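I opened the model today to look up a handful of residues. My notes are kept in the order in which I checked them.

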Amino acid sequence: MEKTFNLTRRDDGIAILTMDVPGESMNTLKAQFGPEISEILAEIKSDSSIRGLVLISGKKDSFVAGADISMLDACKTAGDAKALSQQGHVVFNELEALTIPVVAAIHGACLGGGLELALACHQRVCSDDGKTMLGVPEVQLGLLPGGGGTQRLPRLVGITTALDMMLTGKQIRPKQALKMGLVNDVVPQTILLQTAVEMALAGKRAPKPVKKSLVNQVLEGTSFGRNIIFDQATKQVEKKTQGNYPAPAKIIDCVRQGIAKGMQKGLEVEASHFAELVVSKESEALRSIFFATTEMKKETGAEGASPRKVKKAVILGGGLMGGGIASVTTTKAKIPVRVKDISEKGLSNALAYAYKLLDKGVKRRHMTPAARDNLMALMTTTTEYKGVKDADIVVEAVFEDLALKHQMVKDIERECGEHTIFASNTSSLPISQIAEAATRPENVIGLHYFSPVEKMPLVEVIAHAKTSPETIATTVAFARKQGKTPIVVQDGAGFYVNRILALYMNEAAQLLLEGQSVEHLDKALVKFGFPVGPITLLDEVGIDVGAKISPILEKELGERFKAPAAFDKLLGDDRKGRKNGKGFYQYGASSKKAKAVDESVYGVLGIKPGTNKDAKALAERCVVQMLNEAVRCLEDGIIASPRDGDIGAIFGIGFPPFLGGPFHYIDTLGAANLVRILEGYQSQFGNRFEPCERLKTMAQENTHFF
C-alpha cells in the first residue's frame, strides 16, 4: 500500500515529513492515517540524530484542505464521532509533545483540520502566494474545529481573533496571518522549505506576544473581561442565527471552558460538542449541500457533450444586470468582454460599476492598482456592433420585452459567427419564445442571473427544446468560470426559482392584506431562517418587477399565481421599492440603520394592521406554498432532480441552508404531514393550496426524495 507520509533525513539533522495522499489532487485528513502518523512519530523519537522536523505537503497547490468530510457520514452514533475527534487529539498532542522543534511549511489551502495540524506544530511559515489561505471553516458545515482548534487557536492569536475566525469560517491571507500571529513568517514559495529548515535549526522559540488592541488586552487579561467577550459573542450569534444553528454557541462554550479550566478539560468539551454536532440534523443538511455542489462541479449539464472554449464574451445592455455580468466575466473568469449599449451613459455606468467593485479590493489591499487596471482593460464598450464578430457567447441583459429580444437575436446572428451562443438573462419570458426569431435556435439558451450579480451564487441555465447539448455544456462551463453555481432547468414561465418564489411572495402579500404588519411578517420569516423577509425582498427586487412577472406566470401556469389586486394601488402611488426610494420601507437620508416601515403604505393599500398572528403559523403558510410548487416543478420536469431543486432554492433565494433545501425539508416533515397541512389551508383559503399529485402519491406510499 502506498504511504501518505514519507520521512526523509537531511545531513544537517533536520527531517522532512511530506504528506501526499496517493491518487488525490488535495490532501485531506482521514481517520486511517492515525496509526501511520503514530508510527512515524515513534521513529522520530527513537532517532537521536534528528534535531528538528519540518512538515510540508507533496501537493503543488495545497497544504491540507481539511478533514475528509465523508468520514463524518460514516459515523453512526455520537460515540463514533467523539472517538474520531479524540483520535485527532491524541495524534496532535503527540506531535506537539516532541522535544525537537517542529515547523509547518504551508503553501496553498490550509483549512480546518489542516490548520489544526499546523497549530500543533511549534512554528509556522507560509508562502506569500495568492493560493495560500488559512482558516477554520467548520462552522459552515454546522460543525466546530474538532482537532484541538478551539483550544490552540485562542491561545495563539487571542480569544477575540480566534472567535471571529471560528464563528465566521473566514479565510485569512498570508499577510493577515503574520500580523495576527497565526504564522511566524511569510516568504516566497521558492524559499519556503529552506526557511522552515532554518527555523527548525534555530530551535524552539517562545511565540512573540500577539499585538492586541488596548480594549482586547484589557478584556482578555481578566476573567471578568473574558466573560464580557463571551457574552457579547453569544448575543451577536443569537441575533445572526436566530437560534437555528447550534454550532456557534458550542464553539463559544469550548473556548470559554478551555480558557477557564485548562487545555485538558477544553479538549474533552470540544470532543463532546463536536460529536453532538456531527449527528445533528443541521450539520447533516449543510453537509448534503456541500456534497451536492461538489458533485455538480464535475457535471457538464448535458450528457456526453463537452464545452467549447469561451475566449471572448459580449454583453448587451449596460444596466445594473449587464454591468454586474460584465464585471464577473472579467474579474472572476478573466475573459475579455465587450459591452454594447445604445447610450454612452449605459456604457459608462457598466464601467463605473465594475471599477467600483475592483477598487474595493485595492482599498482593502487585496490587489494592487496595477492588477485592478489590468482587469479593467479586459472590458471594452461600443454603441455600434463593433468588435463583436469573434464573440463565443453573447449575454443579453436588455429590457423584458419580447420584440426587443427578437431584434437582439437577429442582430447577433447577423453580426457574429455561426457558433456564437445567444444567452438571454430573462427572468420571466420563455426561452422558446425568444428563440422563435432565430435561424439557429440550437445556439439560443437562457442564462438567468440573480441580483446583485456579484453577490448571488446561483445562475439558472435554461434549455429550450431545440438548444444543443454543446450549447448547454459551454454555457454551464462559462457560468462556473464566473464563480457561479449553475443549475440546468427546462424552459417554462418563471423557470424554477422565480416560480417557487412567486407563490411564497403572493402568500406573504395575502397575509399583509389580512392585517399583519410589515415588520411582523418580515421578522417571522427571518426567524424561520430566510436571510431577509418577503416584504423587504419585494422592495429590493422592485414592486414594478413583481407586477410585470405575475401576469406572465398566471397566463402560463394558471389561477394560483394571481397576485393580489391591491398591489396595483402601490404602483399607482409610484412605489417601486428601493430603486425609487418609495416602497414599504423608508429610504433616503432620514432612514436610520434599522429600516423603518413607511406607515403611509397601509393607507395606500386600504388596510389597518391588526393583531399579529403567531410567527410560526405565518411562516408555515408562506413556506408550504413554496414546497408544493417545488415538487410541481419536479413533476413538470423543470428541474432534473430534488438535489438541483435544493441547491437552486438555497443559492437563488436563500432558503434556510440548515433545512437542506425544500426537498430535504419535505423529507423531514414527511409528505403525509405536508399534504395534511396543505389540505387544511385549501379548505380555508381555496385551491391555491391544493397539494400536487406527486405529493399525494408520496403521502400514500410513504416515500422520500432522498
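The entries below go through a charged patch, two buried side chains and some backbone details.

**Entry on the patch.** I noted first that this is a predicted model. I then looked for positive charge on the surface and found a patch made up of K356, K360, R364 and K455. I followed R364 further and placed it in the loop that runs between α15 (344–363) and α16 (369–376). Its relative accessibility is 57%, so I put R364 down as exposed, the cut-off for that being over 50%.

**Entry on E415.** Is E415 buried or exposed? I located E415 in helix α17, which covers residues 402–415. The relative accessible area of E415 is 17%, so I entered it as buried; the limit is under 20%. I also listed what E415 touches once residues up to four places away in sequence are set aside: Y385, V388 and K389.

**Entry on L117.** I went next to helix α4 (residues 113–119), where L117 lies. L117 has 8% relative accessibility and therefore counts as buried. Which residues is L117 in contact with, leaving aside its neighbours within four places in sequence? I wrote down L55, F63, V64, F92 and L95. I also checked L117 against L29, which is 88 residues apart from it along the chain, and the C-alpha atoms of the two are separated by 9.4 Å.

**Entry on the cis bond.** Which residues does a cis peptide bond join? I found S451 and P452 joined in this way, with omega at about -5 degrees. I placed P452 in the loop between β15 (444–449) and β16 (458–463).

**Entry on positive phi.** I looked at K334, which is not a glycine and yet has a positive phi of about 55 degrees. K334 sits in the loop between α14 (320–331) and β11 (337–340). With a relative accessible area of 51%, K334 is exposed, given a cut-off of over 50%.

I then turned to N702, which also is not a glycine and has a positive phi of about 55 degrees. Where is N702 placed? I found N702 in the segment after α30 (693–701). I recorded N702 as exposed because its relative accessibility is 61%.

**Recap.** I have E415 as buried and L117 as buried. I have R364 as exposed, K334 as exposed and N702 as exposed.

Note on methods:
Residues numbered from 1 in each chain as written. Predicted model: local features only at pLDDT ≥ 70, side-chain atom pairs only at ≥ 80, totals over all residues. Heavy atoms only, no water. Patch = residues over 30% accessible without salt bridge, like charges linked within 9 Å, V, L, I, M, F, W, Y side chains within 5 Å. Areas by Shrake-Rupley, 256 points an atom, 1.4 Å probe, with all protein chains shown as cover. Salt bridge = Lys/Arg side-chain N within 4 Å of Asp/Glu carboxyl O. Lys, Arg positive; Asp, Glu negative; His and termini not counted. Charge placed at Lys NZ, Arg CZ, Asp CG, Glu CD. Helix = DSSP H or I, 4+ residues; strand = E, 2+ residues; numbered from the N terminus. Buried < 20%, exposed > 50% of the residue type's maximum accessible area, 1.4 Å probe, protein only. Contact = heavy atoms within 4.5 Å.
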